[in-house]
Each structure stands twice: as C-alpha cells, then as structure tokens.
Amino acid sequence: MEAWKAYLEEHKDRFLEELLDLLRIPSVSADSTYKEDVARCAEAVKKAMLDAGCDTAEVCPTDGHPIVYGEKMVDPALPTVLVYGHYDVQPADPLDLWTSGPFEPVIKDGKIYARGACDDKGQFYMHIKAFEVMAKTNTLQCNVKMMIEGEEEVGSSNLGKFLETHVDKLKADIVLVSDTSMISMEHPSIETGLRGLAYLEVEVTGPNRDLHSGVYGGGVANPINELCKMIASLHDENKHITIPGFYDKVQELTDAERKALNDAPFDLDEYKQDLKVNDVAGEKGYSTIERTGIRPTLDVNGIWGGYIGEGAKTVLPSKAYAKISMRLVPNQVSDEITAMFQKHFENLATPGTTVKVTPHHGGEPVVTPTDGKAYQAAAKAIQTTFGKDPIPTRGGGSIPIIALFERILGLKTVLLGFGLDNDNIHSPNEKYDVANYYKGIETIPYFHKYFAE
Ligand code: BES
Ligand code: MN
Ligand code: MN
C-alpha cells in the first residue's frame, strides 16, 4: 500500500488547500440568507467528487437543500461502501467570540479553525480524498457511493424521502460515516452508538399584554417566573427526569457492559479543567462517560421573554419561551417521548397561565454492531494506521438519519469518526487538527481493503 502513502505525501498540500476552499463557503442550512451559498457548496462537492475520480456525480434537488450523490462502480462483484456525510454547517454566532472569521479558515498550531472544519466538512472531505488516493493509484477495493447532504444540521427532513425513492441506486453493503469523535490520537476509538433526539419549543402565556410590573406586579402570574418553575420541576434532586414514563423503555446495561465503558481512558480533572467547571453534574449513580453516552437527558437550549435590552425596564411580560431537547437512548422512541413531554408540560400550567408545546425534529437512537465484518475492518484499519486497537465507545450526539439507513435501506453503519470532543463543534472557534485530517485520509483506504477481503 506504499502507492497510497506516496500519493498522499505528494498531494498533501493540495488536499489541505481544497478543504480550506470548501470551508470558505458559508453553507449554513438553518439560515435562509445562505441559501445560495448552500447551493454553491453542493456544486463544489459535486465537482470534488468528479475530480477525485467518480464516474458520475449529481446535485439532487430536494424540497430543502440539495443532496450530492456520486459513485464509482468498479465491479458489481465487489462489495459496495456507501459514504454518508453533510456539507451544511451550524450558524456561526456568536461571532464576537471567534478569534478569526468563521468562514476565513486559518491554521494555527496545527489546527484548522473554521465553522465546519470538523463537523462535517473536514471529515466527509477525507472520504473524497481517500477515494482519490485509491482511484488514482488504481487500488480501489470496493465500489464507492457517496451521499453528502445539506440538511443534517436542521434534522435531515428530506433525506428519508430520498432514501425511499432511491433504494436501488443506494444499494450497498455498509454505510461508512465520519461525523463523530474519538477519545484522542493516543487513544483511538470508534463510537458504537448515538443518542436519539426529541426537540420541542414551549410557550407560556400570562396576561394578554406586557404590563407595568409595579402597577400589576403581584396581581397576576408572571409567565417567566412560572416557566422557570416548570422547567426546574423536570428534574428531581438526583437529576432524574420527572416526566411520567420517560424511563420505561430505557435499556439498562449489564454490569459487565458498564464496566467495559468505564474502562475507557477518561480523566475527570482534565475534563473539568478543559471546561473550567469546579465540578461535573448529572444523573446520580452514573459516571460522566455513562451520563453522556448511555443515559437520556433533558436540556434547555434557549430561554427568552420580557426585556433583555440595555439597562432596566420594569415590565411584567405577557409571554415566556424555551427550546428544550431530550437526548434519547435505546429503546426510547422519539415520537413517544415527544408525546409524553407535551402532555406532562401542558399539565404543568399554573393558575393564570396557559402552555403551548410545539414539537420540532426528532430522531431515533442507534447502536452499531461490533461483531460484524464492517466493524472488524474499521478496527483493523485503525490498528494499521494508529498502531493501537480502537476502544469502542458510545457517542452522546445524534445523527438521526443513521436509524433510517437501517429501516429503509436495511444497511448497518460504521461510525469512523476522527474528531475530538474539544473540537468546538457548534461553538465559536470550531477546529480540526490537520493531523487528524491526514490520518483519516490514510486510514479510510485500509477500511475499504479489509472490508473487501
Ligand atoms: N456530527 C454531529 C453529531 C455528533 C457529534 C455525533 C459528535 C457524535 C459526536 C451532527 O452534525 C449533529 O450535530 N447532530 C445534531 C442533531 C441534528 C438533528 C441537529 C445533534 O447531535 O445535536
Ligand atoms: Mn455532523
Ligand atoms: Mn453538527
């Protein structure tokens, strides 16, 4: 496999420049101001696929942002790898916390700083470059299909339909995704599960209009005060979630499984130091690894209402709002949890208030097998390029479409992620280590090789 190494060595700088060019396109899927940029990014991905050696590549329109699909069929007798990733990114705000422009990538201390550097442009682009390495050195061991979407960060709402209408086109033996993290370069790991998601918005209404907080204060319910109480009541003193039925379907792991998870290297002091917190907090009876991997959670993502401008304005607001998400674990079902939350929260309405709950998107939790050929190929690929066996871990994030690959296409997934937990994805100063980018490009061809064996 010297040919791979030589090709990568020779084209290293260009591979990096190309990624930086991609990062300059502000493909923010959530904000319609960027619609043209998202479309431009899709075209750039299509061109990259063709330049890398795909036989065909196309930008497939959807009711939302387009999906880019490209493939190279080497021989129908060979196994087929379907690569999935997303070229859309999260909004960059708050802008003033970035040390350089989110769409003006810079390399500092061996790290690429830009929105999307890790999630997921830097990671899906490794697959296009690994594919180029194999295609240009005539060493493709598998047929390759690549599906890179533009709506992952807004819930992939049009991808399910695309899967349903392209079952034949997407026929493959495995889905390969780089959109997760590993413990560290010293401790390579593979996520073997992702949490699901249920996301809702709540609105609490008190009086029909904003009031003078002196004239009316004390006389009617303040919806912000009430919303805070309602939210506080969603956890008990052990940080258990109080929604009736919430834990009914939660799969409890065996002591042996829990021990295996907790054997992964994890330094609590380093974790606290990195986040500048004086202590961790979470569900009683579980470690931080468990709290963020195999246990469900409920978090307020945003809360607003009343006066938040400069100085003080004495006002008793008419309305209060919050966005609330729950991370789910097997075998919780997103729609069921959404219904439970809605019913429970509406019942929490206190005298003088009304409560409205609006569901947003959701997604199912997944566990990926560790006993099959695909996981073994991924583990062996990591072993080859890192010199260490990967540690199986459970990821806390969500990629809702993974459950649909199984349900609609009957395909299992391998999560071969090269990000790090402190890459600041969705935060200011998102970064991706140049070393991880190259390591990914080096590792992926081995996956194809071992999977084909
Ligand atoms: N790539 C992330 C998910 C992720 C990150 C998984 C790190 C494991 C480790 C993905 O782009 C993402 O952000 N997903 C969203 C859900 C989506 C429906 C908006 C999430 O997890 O919040
Ligand atoms: Mn992602
Ligand atoms: Mn993301």
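Q: Which residues of strand E11 lie on one side, and which on the other?
A: This is a predicted model, in which local features need pLDDT of at least 70, side-chain atom pairs count only at pLDDT 80 or more, and totals for chains, interfaces and linings use all residues, while side-chain values use heavy atoms, with hydrogens and water left out. Residues are numbered from 1 along each chain as its sequence is written, and chains are lettered from A and ligands numbered from 1 in the order in which they are written. In a regular strand the side chains alternate between the two faces of the sheet. Both faces of E11 are covered, with buried residues (under 20% relative accessible area, with a 1.4 Å probe and protein chains only) on each: Gly 196, Ala 198, Leu 200, Val 202 and Val 204 on one side, and Leu 197, Tyr 199, Glu 201, Glu 203 and Thr 205 on the other.

Q: How many residues of strand E11 are buried?
A: Strands (E, at least two residues) and helices (H or I, at least four) are DSSP runs, numbered from the N terminus. E11 spans residues 196-205 and is largely enclosed by the rest of the structure, because the number of its residues that are buried is 10 of the 10.

Q: Which strands pair with E11, and in which sense?
A: Two strands pair if DSSP finds at least two bridges between them. With strand E15 (residues 319-328), E11 shares 10 bridges, and Leu 197 stands opposite Arg 327 there. With strand E16 (residues 354-363) E11 shares 8 bridges, among them the one between Thr 205 and Thr 354. The partners are thus E15, antiparallel, and E16, antiparallel.

Q: Which residue bridges the manganese ions, ligand 2 and ligand 3?
A: Donors are N, O and S atoms within 2.8 Å of the metal (3.2 Å for Na, K and Ca); water is not among the atoms, so sites may look incomplete. The protein donors of ligand 2 are His 86 (NE2), Asp 119 (OD), Asp 179 (OD) and Asp 179 (OD), at 2.0 to 2.4 Å. Those of ligand 3 are Asp 119 (OD), Glu 153 (OE), Glu 153 (OE) and His 426 (NE2), at 2.0 to 2.6 Å. The two ions lie 3.6 Å apart, and the residue that bridges them is Asp 119.

Q: Why is the arrangement around ligand 2 classed as it is?
A: Four donors count as tetrahedral if all angles lie between 85 and 135 degrees; four count as square planar and six as octahedral if opposite donors are over 155 degrees apart and all others between 65 and 115; anything else is irregular. The 6 donor atoms around ligand 2 subtend angles of 56 to 165°, which makes the arrangement irregular.

Q: How many residues apart in sequence are Asp 119 and His 426?
A: The donor residues of ligand 3 are spaced D-x33-E-x272-H. Asp 119 lies in the loop between E5 and H3, and His 426 in the loop between E20 and strand E21 (431-433), so the pair ties together parts whose separation in residues is 307.

Q: Is His 426 buried or partly exposed?
A: Two other donor residues are buried: His 86, with a relative accessible area of 0%, and Asp 119, with 7%. Exposed stands for over 50%, and partly exposed for values between the cut-offs for buried and exposed. At 40% relative accessibility, His 426 counts as partly exposed.

Q: How much of the accessible area of ligand 1 does the protein cover?
A: Of the 18 residues around ligand 1 (a heavy atom within 4 Å), Glu 152, Asp 179, Arg 327, Ser 398 and His 426 come nearest. A polar side-chain atom of Asp 179 lies 2.8 Å from a nitrogen atom of ligand 1, and an N or O atom in the side chain of His 426 is 2.8 Å from one of its oxygen atoms. Of the 520 Å² that ligand 1 has on its own (Shrake-Rupley method, 1.4 Å probe; for residues, only the protein chains shown count as cover), the protein covers 89%.

Q: Which residue does the side chain of Asn 143 contact through a backbone oxygen?
A: Asn 143 is found in strand E6 (residues 143-149) and is buried, at 0% relative accessibility. Its side chain makes a polar contact with the side chain of Thr 80 at 3.2 Å; such a contact is a pair of N or O atoms within 3.5 Å, and within protein one must be able to donate a hydrogen and the other to accept it, while residues adjacent in sequence count only if both atoms are side-chain atoms. At 3.1 Å, the side chain of Asn 143 also reaches the backbone oxygen of Leu 78.
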